[in-house]
Amino acid sequence: MRFNGLTGALMDIKQQLKALLQEAETYRTQGLIAEAHLRYTDAADLIKSIGKLKNRESLLSAISEKIQALDSTKRKVDKGPTTPELSKKAQDLIKNLFAFSENKDKDSAALEGAVALAKFGQFDRAVIELNELLQKDAIRVEAAKNILRCHLASTSPDEAVAQYRQWFSDDRFQSGQLETVRIYLDEILQKRGVEADLPSAIEHVDKPDAEVAIEAEAAAEMEEEFLDITSIGITFDSGPRKGKIVEFDVNFQSGNMLSLIISKQEQELIESLSAGMKLQDVQYFSPIAIFNGAGLVTSKTQIKAGPKQGDFCLDVRIVSSS
Amino acid sequence: MAIFNLKKREIECKVVYYGPGRCGKTTNLEYIYGSYKKQVKGEMVSINTEGDRTLFFDFLPIGLGQIRGCNVRVQLYTVPGQVKYSSTRKLVLRGVDGIIFVADSLEVRREKNMLSLKDLQSNLKEYGKSIFKVPLIMQYNKRDLAEQGIPLMPIEQMERDLNRQLKVPSVAASAVAGDGVGATLKECLKATLQSLQREFQWAQ
């Protein structure tokens with residue numbers, strides 16, 4: 001009986017060991033490195049816990065080799081480039097699939113294609129294509145901003161500064177355009193704590209034109225990047241919901257303009273909101289932060305067709321945030 | 001975002017395979033590419049890196065022919081599953097019309113499934129979409145590994161973990177053997193086209 005019991009226990013352990021090794025091997029072939037590593041370690045521990053196991057040392061050595069191979073694969077995966085330069089064919093596909101241009105002109109579509117390349121880390125080709133687009137007056141500023149973004153993402157702020165200075169010294173930009181680009185770059189550098197002397201084109205015009213400066217600043221303000229707002233909370237200061245916060249999901253955002261859909265069921269709410277109305281107390285929820293600020297209802301339109309027929313679309317402009 | 005050409009009566013929509021790393025998203029596409037030759041309308045493009053991990057996305061265009069007077073084309077994509085490629089996942093998800101969430105049936109991947117589903121929900125939200133409203137199908141993949149004695153989660157447990165609230169159609173599958181791959185895609189296309197019909201009334 002005793003002999004049978006011992007044999008049984010040994011058989012059990014052998015079965016356990018077999019199961020562990022099989023699991024480990026399956027996880028390895030599935031590319032689940034951490035899981036395979038854990039099972040091989042469990043198997044090694046089990047072997048070490050058995051005093052008299054046939055081939056004990058060779059088993060441990062084989063497992064150790066497997067673990068080393070897994071560690072090596074893990075190192076390769078971890079070190080693998082996050083954004084390697086792709087083949088031209090793959091880059092063309094990215095431009096084609098991720099440009100999202102709808103009924104836009106050829107230049108805007110080309111700009112979107114180049115921006116798509118940059119988003120997928122294909123900076124070298126993106127910069128080449130964006131440089132070509134600098135020749136197009138209508139999209140010159142956007143192309144320039146994206147060239148700077150590419151430099152900031154792929155190399156260093158110094159490259160971006162050098163690029164700006166080069167543009168400053170040639171004459172392809174109008175002074176207002178160049179000033180917009182300067183303000184844009186300056187803001188990014190300030191956020192990163194980088195100090196750089198970016199010469200202003202406005203100071204170098206023969207007769208400083210105040211209007212040009214104002215236009216450039218206004219354009220820069222217009223093109224300021226707004227955070228993605230996912231929802232907003234409006235505190236009503238009149239009407240049936242006075243003093244209460246009502247949350248709305250943001251359906252669409254373009255810069256500082258948010259579109260909300262309000263169900264036709266919410267008759268009281270709809271009536272208490274009108275175009276031109278200033279919303280004094282608004283909470284703006286973004287994925288990374290909440291802002292308090294004000295808003296301006298710029299339009300209220302009833303949806304005439306489609307699944308949301310009868311509901312209202314409310315456009316709210318972010319007036320200020322603090 | 002589906003593209004309609006009303007003049008030509010053409011519709012093109014986008015279906016994305018989502019899920020944790022190594023769950024079998026690319027294997028699904030490879031099976032479709034190899035087995036549905038009539039429907040496949042171009043090369044399958046895979047951009048992968050060390051250890052055959054999807055780096056950016058896989059892409060496969062297919063055509064379903066005429067459906068209710070409309071020529072329907074579908075672009076199938078996979079996202080990279082590894083956590084570090086979060087921004088790429090979000091980019092690929094843009095304009096999605098239907099989603100197949102490929103969950104890994106291995107017990108050891110339980111938490112990764114849940115994290116990936118949460119990631120999907122949060123990425124959709126950033127595009128102003130609700131996971132409860134987007135056409136979504138669950139695929140419980142790698143069911144074949146049970147035969148090898150590898151610990152898998154029972155379907156009931158996966159339903160509780162991932163589909164308790166969503167209550168979307170689910171399919172048990174083994175992408176490597178092709179089991180359930182076609183059924184999953186069919187369910188997703190059905191849900192996607194129905195959703196587009198409700199929104200745009202494209203069918204005659």
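Helices in these legends are DSSP runs of type H or I with at least four residues, numbered from the N terminus of each chain. The model shown is predicted.

**View 1. Helix 5 of chain B and the residue that follows it.** Helix 5 of chain B covers residues 181–200, and its 20 residues should span 28 Å at 1.5 Å a residue, which agrees with the 28 Å that separates its end C-alpha atoms. Several residues of this helix are buried, including Val181(B), Gly182(B), Thr184(B) and Leu185(B) towards the beginning of the list, and Ser195(B), Leu196(B) and Gln197(B) towards its end. Gln201(B) comes after helix 5 of chain B and has a positive phi, near 50 degrees.

**View 2. The contact between chain A and chain B.** Chain A brings 34 residues to this contact, and chain B brings 37 residues. The size of an interface is often expressed as the accessible area that is lost when the parts come together. Between chain A and chain B the buried area is about 3,000 Å², and carbon and sulfur atoms account for 66% of it. Five residue pairs across the interface of chain A and chain B are in polar contact, with both residues at pLDDT 80 or more. On the side of chain A that touches chain B, at least two residues come from each of helix 1 (2–29), helix 2 (33–49), helix 3 (56–79) and helix 4 (88–97) of chain A. The residues on that side of chain A comprise 17 nonpolar, nine polar and eight charged ones.

**View 3. The salt bridge between the two chains, formed by Glu35(A) and Arg109(B).** Side chains of opposite charge can pair when their charged atoms come close. How many salt bridges are counted between chain A and chain B? The count is one, and it joins Glu35(A) to Arg109(B), with 2.7 Å between the closest N and O atoms. Over all chains, the count of salt bridges comes to 21.

**View 4. Helix 9 of chain A, with a salt bridge between two of its residues.** Helix 9 of chain A has 17 residues, which at 1.5 Å a residue should span 24 Å, and this agrees with the 24 Å between its end C-alpha atoms. The helix is mostly covered, since 12 of its 17 residues are buried, among them Leu178(A), Val181(A), Ile183(A), Tyr184(A) and Leu189(A). Within this helix (residues 175–191), Arg182(A) and Glu179(A) stand three residues apart, about one turn of the helix. An α-helix has 3.6 residues a turn, so residues three or four places apart point the same way. The side chains of Arg182(A) and Glu179(A) form a salt bridge, 2.9 Å from N to O, and both residues are buried. After helix 9 of chain A comes Gly193(A), whose phi is positive, near 75 degrees.

**View 5. Two salt bridges in chain B that involve helix 3, formed by Lys90(B) with Glu126(B) and by Arg110(B) with Asp161(B).** In the pair of Lys90(B) and Glu126(B), the closest N and O atoms are 2.5 Å apart. This pair links distant parts of the chain, with Lys90(B) in helix 2 (residues 86–93) and Glu126(B) in helix 3 (residues 110–126) of chain B, 36 residues apart. Glu126(B) is partly exposed, at a relative accessible area of 26%. In the other pair, the side chains of Arg110(B) and Asp161(B) meet at 2.7 Å, N to O. Arg110(B) belongs to helix 3 of chain B and Asp161(B) to helix 4 (residues 155–162) of chain B, so this salt bridge ties together parts 51 residues apart in sequence. Arg110(B) is partly exposed at 35% relative accessible area, and Asp161(B) is likewise partly exposed, at 22%.

**View 6. Loop residues Arg68(B) and Lys142(B) of chain B.** Most residues other than glycine have a negative phi. Arg68(B), however, has a positive phi near 45 degrees, and Lys142(B) has a positive phi near 70 degrees. Arg68(B) sits in the loop between strand 4 (53–67) and strand 5 (70–78) of chain B, whereas Lys142(B) is placed in the loop between strand 7 (136–141) and helix 4 of chain B. Which of the two is buried, and which exposed? Arg68(B) counts as exposed because its relative accessibility is 57%, over the 50% cut-off, whereas Lys142(B) is buried because its relative accessible area is 6%, under the 20% cut-off.

Note on methods. Residues numbered from 1 in each chain as written. Chains lettered and ligands numbered in written order. Heavy atoms only, no water. Contact = heavy atoms within 4.5 Å. Buried area = accessible area lost by both parts, 1.4 Å probe. Salt bridge = Lys/Arg side-chain N within 4 Å of Asp/Glu carboxyl O. Polar contact = N/O pair within 3.5 Å; in protein donor to acceptor, adjacent residues only side chain to side chain. Nonpolar A, V, L, I, M, F, W, Y, C, P; charged D, E, K, R; others polar. Expected span 1.5 Å × (residues − 1). Buried < 20%, exposed > 50% of the residue type's maximum accessible area, 1.4 Å probe, protein only.
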